[in-house]
Amino acid sequence: MDSKEVTLLKRALERQKLARIQAEKILETKSKELYDVSRHLKAANSKLENLINKKHSDLSDSFMDIIDPYVIMDMEYNVITMNDSAIDFLGYDHRKENLNVGRLVHSDYIPYTLQAFQTLIEVGSLKNYRAKIVVKNKTHKYIQINCSLIYDTEGKPIGSHGIIRDISQETEIKTLLSEQRKQLSIIIDNSPLGIALKVDGKITKANPSFSNLLGYSQNELKDFSLQELTVCYDEDKCNEFIDSLDNGSDTVSLTKEYIRKNGSTFLAKTNISAVRDEQGTIEYQVVVIEDITKEKELENQKEELLTELESSNKNLQEYAHIVSHDLKSPLRSISALASWIKEDYHDKLDEAGQQQLSLMQEKVESMDKLIQGILEYSTANSSQLKSSEVDLNEVISTIKETIFIPDHVTVEVPEKLPTIQADRTKMQQLFQNIIGNAVAHIEREVGLVQVHFKNNKEHYHFIIEDNGVGIPEEYHKKIFQIFQSIGNKERSTGIGLSIVKKIVDRYEGEVWVDSEVGVGTEFQFTLKKSVLNEQ
């Protein structure tokens with residue numbers, strides 16, 4: 001090797017040495033920078049861990065101050081700490097006694113609880129866990145828990161914490177509502193009324209009675225609207241009925257004719273109620289139908305019977321007038337003949353003959369009164385009432401001048417009687433029959449009949465009091481029946497008080513008697529004001 005090659009090799013070696021020195025310097029500098037960065041990261045990580053621990057501690061402290069019960073426990077469900085709300089709620093104080101939350105769970109909820117806490121371990125959190133627990137005072141509470149796991153620095157779960165919410169009242173309400181729904185469902189399913197839900201015009205659900213009335217199954221009914229199952233004879237009225245719900249009415253009612261699956265029809269009372277949302281929009285409608293076909297047939301029969309009865313009553317009244325006229329004519333003739341015989345042959349008849357003729361005239365007079373009483377009885381509750389203002393004081397005055405009142409009897413009106421709107425003839429009959437009955441049964445030396453009045457809220461109340469012989473209690477109801485009389489008074493026909501009962505009934509009042517034998521009698525009756533005004 002010559003000197004030139006040696007020189008080149010030396011120069012190359014020197015350059016390598018210089019490059020190595022420079023590389024070592026760069027490596028030393030970079031190592032120092034890396035060391036500094038590593039130290040800085042360690043310090044920052046330490047600060048971050050301290051900050052996290054502090055935040056966790058602050059967060060735990062804040063949970064301790066919340067209103068809801070808050071509990072921290074280990075992985076064995078032993079309570080580490082809990083706030084005052086939890087102490088009050090559970091009845092246990094962890095500072096004075098050990099408490100395991102798992103032992104509070106009701107036996108019915110243990111399997112579900114074990115499954116739920118297994119989910120907590122796997123997922124790290126548990127939301128809306130619900131169970132029943134037994135607190136210290138042995139009462140049962142329904143609770144809802146939201147909780148999550150607590151981890152150590154290595155990410156290992158060391159416990160859990162969560163908030164407890166008392167849902168006992170909410171659960172009771174839900175249980176009650178559920179029970180009520182069951183009861184309502186039982187009632188609806190067993191109701192004799194047809195009940196269906198209608199949404200957007202279509203039947204969505206129906207009870208068995210609705211299905212049975214129409215002859216369709218519930219699934220078949222879902223293909224129909226209510227209008228398709230009914231007969232509409234007046235299109236405008238039907239549309240008005242439907243539109244009334246859309247225009248704000250909550251309930252509409254009418255009678256409709258429904259078409260069964262077999263083509264037959266029946267009448268039903270229909271009630272449709274709208275159920276609306278908060279905006280007032282109809283969500284669905286409840287349809288209730290009641291088959292009134294038989295009821296309608298009964299009503300038609302009643303109307304027919306009423307028509308027949310009215311016709312029969314009219315015929316009877318006409319017959320009563322005819323019979324009255326036909327009977328009274330011969331009676332008047334008999335009375336006249338008796339009177340003529342008595343006058344023409346008074347010098348030829350002995351005293352016994354004169355008495356027999358007088359007795360005949362009295363019997364004819366009694367017969368005439370009986371016929372007149374029957375006629376009045378037959379028209380007491382059927383003749384048309386002619387309403388007008390009636391001064392009852394004038395009525396009593398007329399009665400005092402019309403009927404026979406013995407000299408030893410006085411009829412008084414202590415307080416002024418009202419002027420009422422009524423049928424004058426009926427009022428005359430009403431008061432005259434009672435007063436006439438009273439004056440005929442007074443045997444005292446001084447007889448007294450008084451007419452009293454009370455103005456009640458809904459009725460006029462009248463009391464006609466006498467100091468007569470009195471009426472035995474067993475006759476207090478019988479005397480208002482036709483042909484029922486007491487004693488042997490010739491003037492009594494046994495019809496007058498039955499006419500009183502009919503007139504009082506017509507004015508929707510009541511009539512009764514209070515009496516004591518040997519003391520006197522009170523006839524009392526009421527007349528309904530509203531009926532008087534209507535008629």
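This passage describes the fold, cores, salt bridges and surface of a predicted model.

The protein contains 13 helices and 18 strands. Of its 535 residues, 32% are buried. The accessible surface amounts to about 34,600 Å², and carbon and sulfur atoms account for 52% of that area. Among contacts with a separation of 6 or more, 55% are between residues 24 or more positions apart.

We may turn next to the interior. The largest nonpolar core holds 41 residues, and the members that touch the most others are Leu392, Met427, Phe431, Ile435, Phe525 and Leu527. Helix H11, spanning residues 424-439, is the main contributor to this core, giving 7 residues. Phe525 offers a good view of the surroundings: beyond its neighbours within four places in sequence, Phe525 is in contact with Leu430, Phe431 and Ile434, and its partners also include Tyr460, His461, Phe462 and Ile464. The remaining contacts of Phe525 in that set are with Val504, Glu510, Val511 and Trp512. Apart from the largest core lies another, made of 25 residues, including Leu99, Leu104, Ile133 and Val135.

Among the sheets, one is open and has 6 strands in the order S7-S6-S11-S10-S9-S8, with antiparallel pairing. Strand S7 (202-206) and strand S8 (230-231) form its edges, each pairing on one side only. Within the sheet, strand S9 (residues 251-259) and strand S10 (residues 265-276) run antiparallel and are joined by 9 bridges. Leu254 stands opposite Thr270 of S10. In general, the strands of a sheet pair through backbone hydrogen bonds, in either a parallel or an antiparallel manner.

Salt bridges number 5 in the whole structure, and three examples are worth a visit. The side chains of Arg95 and Asp93 meet with an N to O distance of 2.9 Å. The two partners differ in their surroundings: Arg95 has a relative accessibility of 59% and so counts as exposed, whereas Asp93, at 11%, counts as buried.

A second salt bridge pairs Lys136 with Glu97, the closest N and O atoms being 3.2 Å apart. Lys136 is in the loop between strand S3 (125-134) and strand S4 (140-151), while Glu97 is in the loop between helix H2 (84-90) and helix H3 (110-123), so the pair ties together parts that are 39 residues apart in sequence. Both ends are partly exposed, with relative accessibility of 40% for Lys136 and a relative accessible area of 26% for Glu97.

Another salt bridge is formed by Glu508 and Lys528, where the closest N and O atoms are 3.5 Å apart. Here too distant parts of the chain are linked: Glu508 belongs to the loop between helix H12 (496-506) and strand S17 (511-516), and Lys528 to strand S18 (residues 520-528), the two being 20 residues apart. Glu508 is partly exposed at 46% relative accessibility, and Lys528 is partly exposed at 24%.

The outside of the protein also has a nonpolar feature. Leu337, Trp340, Ile341, Tyr345 and Leu349 make a nonpolar surface patch of about 480 Å². One of these residues, Ile341, lies in helix H8, which covers residues 293-344. With a relative accessible area of 36%, Ile341 is partly exposed; patches are made of residues with over 30% relative accessible area, so Ile341 passes that cut-off.

Key
Residues numbered from 1 in each chain as written. Predicted model: local features only at pLDDT ≥ 70, side-chain atom pairs only at ≥ 80, totals over all residues. Heavy atoms only, no water. Core = buried A, V, L, I, M, F, W, Y, C linked by side-chain atoms within 4.5 Å. Buried < 20%, exposed > 50% of the residue type's maximum accessible area, 1.4 Å probe, protein only. Helix = DSSP H or I, 4+ residues; strand = E, 2+ residues; numbered from the N terminus. Contact = heavy atoms within 4.5 Å. Salt bridge = Lys/Arg side-chain N within 4 Å of Asp/Glu carboxyl O. Patch = residues over 30% accessible without salt bridge, like charges linked within 9 Å, V, L, I, M, F, W, Y side chains within 5 Å. Areas by Shrake-Rupley, 256 points an atom, 1.4 Å probe, with all protein chains shown as cover. Pairing = 2+ DSSP bridges.
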